[in-house]
Amino acid sequence: METTDIQVEASGEADVLAKAFSSIGTYTDPELDSVWGEWVRFVALAAPLHLILARFIPGTSPDVGESLAIVAAAALCGLLAVATTARRAAMALAAVTLTVEACIQFPETPNHLYLHAFLAMVTYLGFGADRRERANAITALRWIFVVVMGWAGIQKIVYGAYFRGEYLAYITSVKPFVHDALGWTMSEAELRRLVAFGAPSVGDGPYRVDSPILWIAGIGTWVAEIAVAVGMLFRAHRPKVAVATFLVLAVIEVFMREFVFGALIAGVTGLFLSVGAMRLTSRVVLVGLLGLVLMRVFVPGWSFN
Amino acid sequence: MDHRRRWLALVVVFALWPVVQIVLVHTLDVSPWKLMGWGMYSTIPPRHLVRMREVVDGHEVRLGGVPIRLADDYRHYAKRRASLGRLADPSELARRYLEARPEASAVIIEVDVQRLDPTSARFLRFRRDTYRIERSAPVR
């Protein structure tokens with residue numbers, strides 16, 4: 001995978017702020033149009049899949065997608081983006097629909113819904129009269145990746161639940177599928193102790209186990225998130241960092257089942273890659289989301305939680 | 001016209017917002033998972049345990065449970081409280097309670113904030129907020 005980012009040339013006198021913004025790079029012609037079209041379709045098609053997934057899979061995002069009107073509007077924006085040339089209208093509709101849904105859910109709005117609404121809004125702003133705005137929008141989207149992944153890692157440091165596997169011990173105690181996946185990393189007695197807690201109540205704990213594997217997994221989580229955020233700033237390493245990001249996201253999906261967040265971040269990761277790799281990324285992600293929806297609809301009783 | 005500085009402003013606001021969110025978490029018990037701080041899964045979700053008492057004839061009466069007709073209002077406040085911490089205003093729940101219980105002269109809403117203590121790795125109660133809301137006008 002080769003990256004094709006080319007920095008937008010500074011116009012006129014040296015402008016430190018503009019240069020700082022552009023330092024993460026973007027696409028230029030002829031790749032720009034192709035990437036832009038693919039990205040717009042990705043954001044628009046992900047909108048209905050996101051809401052349908054939330055609506056039909058209990059435990060993913062309580063109440064998101066409950067309004068049929070919102071789901072229908074999201075479906076319409078996906079249709080507009082794919083079947084017509086009204087992509088700007090599709091993105092406006094996506095931005096409005098997702099923002100309305102985020103407002104309806106407030107203050108319980110899940111972060112991936114904010115993220116999706118923000119991605120749609122930034123993409124809509126890229127439809128300015130000047131074509132350079134598309135390049136600028138992609139630059140902004142790349143910064144969004146850095147910000148989100150960077151903060152996701154920093155927040156895990158802030159609350160101190162990832163230094164000795166505390167959070168992982170907690171989800172082992174409450175999520176049966178994590179219990180199955182991580183049970184082997186600790187003694188049976190430790191596992192029994194954690195499972196006995198169930199939903200936490202005052203005095204429960206310590207959520208800490210004598211398992212170096214779990215400690216490494218906890219520390220590795222925030223290290224990896226910060227590392228991929230910083231790594232994307234270095235152009236030469238982006239293909240490798242993108243692969244690392246996909247691996248990190250895959251691990252997060254296995255343990256947290258946060259599919260929409262993973263899908264959106266994977267899509268943005270594609271914007272650091274060559275046109276072909278970007279296209280492949282967005283399509284694989286969309287097919288994955290569609291697959292989850294179809295599994296839920298056609299396989300009775302199937303759920304990933 | 002080059003709008004890169006405007007785009008930069010957008011990105012800077014987006015990048016700095018989590019600082020505000022962290023301050024809100026530490027000062028007002030906002031959920032670390034909420035409000036676009038990208039702190040989901042960063043810690044065990046804190047719990048805000050909401051309890052109510054009423055004052056009848058000058059005596060506090062502990063309730064066995066939430067009156068059934070107030071269940072939705074209670075749930076609504078509890079959810080808002082879990083996300084927004086002390087930014088969630090209990091006065092609407094209190095007003096509805098006093099409407100439903102004309103004999104009560106005041107309602108006391110007590111919220112225990114429980115969260116993971118990173119030092120001991122135990123789930124502990126960190127604070128208790130008590131709101132006493134008096135009936136200010138006759139119930140119609």
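Helices here are DSSP runs of H or I with at least four residues, numbered from the N terminus. Read that way, the predicted model of chain A comes out as α-α-α-α-α-α-α-α-α-α-α-α-α from the N terminus on. That makes 13 helices and zero strands.

As for overall shape, the C-alpha trace of chain A spans about 65 × 45 × 35 Å along its principal axes. The radius of gyration is 21 Å, which agrees with the value near 19 Å that a compact globule of 305 residues would have. Of the 305 residues in chain A, 54% are buried. Contacts tell a bit more about how the chain folds back on itself: among those with a separation of 6 or more, 69% join residues 24 or more positions apart. On the outside, chain A exposes about 12,400 Å², and carbon and sulfur atoms supply 69% of that area.

Then there is the second largest pocket, which holds about 380 Å³ of space. Its lining counts 25 residues, and the closest to the pocket centre are A:Thr221, A:Val248, A:Val251, A:Ile252 and A:Met256. Three helices of chain A, α6 (132-158), α10 (212-231) and α11 (238-256), each put at least two residues into this lining. The largest share belongs to α10(A), with eight residues. What sort of residues make up the lining of the second largest pocket, by nonpolar, polar and charged? They split into 19 nonpolar, three polar and three charged.

Terms used
Residues numbered from 1 in each chain as written. Chains lettered and ligands numbered in written order. Predicted model: local features only at pLDDT ≥ 70, side-chain atom pairs only at ≥ 80, totals over all residues. Heavy atoms only, no water. 1 Å grid on protein atoms, 1.4 Å probe; cavity = no way out; pocket = protein on both sides within 12 Å on 5 of 7 lines; lining within 4 Å. Points joined across faces, edges and corners; volume = space filled by probe spheres on them. Nonpolar A, V, L, I, M, F, W, Y, C, P; charged D, E, K, R; others polar. Rg over C-alpha atoms; globule rule 2.2 N^0.38 Å. Buried < 20%, exposed > 50% of the residue type's maximum accessible area, 1.4 Å probe, protein only. Contact = heavy atoms within 4.5 Å. Areas by Shrake-Rupley, 256 points an atom, 1.4 Å probe, with all protein chains shown as cover.
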